[in-house]
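This report covers one protein model. It moves from the core to the strands, the helices and then the backbone.

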Amino acid sequence: VVRIAQPRFKPSYDPAKAPSLVGKPLPALRALKLDASPAVVSGRRVLLCFFDLLERPSRHAVADLVKQAEDLKAKGIFLAGVQVSAVDGATLEGFIRTNHITFPVGMIEAEAARTKFNWGLKSQPWLILTDKEHIVRAEGFAPGEVSEQLTR
């Protein structure tokens with residue numbers, strides 16, 4: 001008797017098939033290791049920027065958001081960044097210091113492919129904007145389009 005083991009398939013998290021979050025509640029922020037208590041984000045619009053500091057387009061997007069950070073804060077918008085690839089803490093801290101990032105920055109630490117898929121990321125950088133009830137209203141737009149998205 002020969003026993004053949006059943007193959008075990010790992011789930012595939014194809015970014016092109018990632019579900020859209022538009023019209024859905026924002027998933028919990030704690031999985032992103034963000035320093036954002038519910039009291040801080042309660043009643044405020046949320047703008048999340050998923051980026052990879054190892055990629056030039058992401059670094060450029062973060063630089064654009066740093067320029068807009070004070071204006072967004074004045075409008076009552078909670079802005080946060082999320083590093084999507086695994087980097088050590090010192091590298092991320094150095095990036096934050098070098099780029100004068102004043103908003104909270106978290107990082108996906110476990111099951112990166114699954115987490116990115118569940119958040120609907122199709123590429124990096126990826127921006128997600130919610131309303132005050134934390135329902136996603138826009139996603140996948142450029143940092144230069146933030147003011148346009150806020151007026152919708």
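Helices (H or I, at least four residues) and strands (E, at least two) are DSSP runs, numbered from the N terminus. The model is predicted, so local features need pLDDT of at least 70, side-chain atom pairs count only at pLDDT 80 or more, and totals for chains, interfaces and linings use all residues. Residues are numbered from 1 along each chain as its sequence is written, and side-chain values use heavy atoms, with hydrogens and water left out.

**Cores**

Two terms come first. Buried means under 20% relative accessible area, exposed means over 50%, and partly exposed lies in between (1.4 Å probe, protein chains only). A nonpolar core is a set of buried Ala, Val, Leu, Ile, Met, Phe, Trp, Tyr and Cys residues joined through side-chain atoms within 4.5 Å.

The largest nonpolar core holds 24 residues. Leu47, Leu65 and Val146 touch the most other members. Seven elements each give two or more residues to this core: β1 (45-51), α2 (56-74), β2 (77-83), α3 (89-98), β3 (105-107), β4 (126-130) and α5 (146-150). The largest share, 4 residues, comes from α2. A second, separate core has 20 residues, including Leu29, Leu34, Trp119 and Val136.

Which residues does Leu47 contact, leaving aside its neighbours within four places in sequence? Contact means heavy atoms within 4.5 Å. The partners of Leu47 are Leu65, Leu72, Ile77, Phe78, Leu79, Ala80, Leu127, Ile128, Leu129, Phe141 and Val146.

**Strands**

Leu47 belongs to a buried strand. In β1, 7 of the 7 residues are buried, so the strand is largely enclosed by the rest of the structure. Arg45, Leu47, Cys49 and Phe51 point one way from β1. Val46, Leu48 and Phe50 point the other way.

Two strands pair if DSSP finds at least two bridges between them. β1 and β2 run parallel, joined by 7 bridges. Arg45 has Ile77 of β2 as its bridge partner. β4 and strand β5 (residues 136-139) run antiparallel, joined by 3 bridges. Here Thr130 stands opposite Val136 in β5. The hairpin of β4 and β5 has 5 residues between the strands.

**Helix α2**

What span should the 19 residues of α2 have? The expected span of a helix is 1.5 Å times one less than its number of residues. For α2 that gives 27 Å; its end C-alpha atoms are 28 Å apart, which agrees. α2 also bends, by about 50° at Gln68. The bend at a residue is the angle between axes fitted to the seven residues ending there and the seven starting there.

The buried residues of α2 are Ser58, Ala61, Val62, Asp64, Leu65, Ala69 and Leu72. They pack against β1, β2, α3, β4 and α5. An α-helix has 3.6 residues a turn, so residues three or four places apart point the same way.

**Helix α3**

Leu92, Gly94, Phe95 and Ile96 are buried in α3. The buried residues of α3 pack against β1, α2, β2 and β3. Asp88 caps the N-terminal end of α3, with a side-chain oxygen 3.1 Å from the backbone nitrogen of Ala90.

Glu93 also sits in helix α3. This residue is partly exposed, with a relative accessible area of 43%. Glu93 and Val105 are 12 residues apart in sequence, and their C-alpha atoms are 9.3 Å apart in space.

**Backbone geometry**

Most residues other than glycine have a negative phi, and most peptide bonds are trans. The table gives positive phi values in this model.

| Residue | Phi | Place |
|---|---|---|
| Lys33 | near 55° | segment before α1 (38-41) |
| Gly76 | about 80° | just after α2 |
| His100 | about 55° | just after α3 |
| Glu111 | about 50° | loop between β3 and α4 |
| His134 | near 65° | hairpin of β4 and β5 |

Is Lys33 buried or partly exposed? Lys33 is partly exposed, at 48% relative accessible area. Glu111 counts as exposed, at 52% relative accessibility.

Where is the peptide bond that is cis, with omega near 0°? That bond runs from Gln124 to Pro125. Pro125 lies in the loop between α4 (112-118) and β4.

Key: A polar contact is a pair of N or O atoms within 3.5 Å; within protein, one must be able to donate a hydrogen and the other to accept it, and residues adjacent in sequence count only if both atoms are side-chain atoms.
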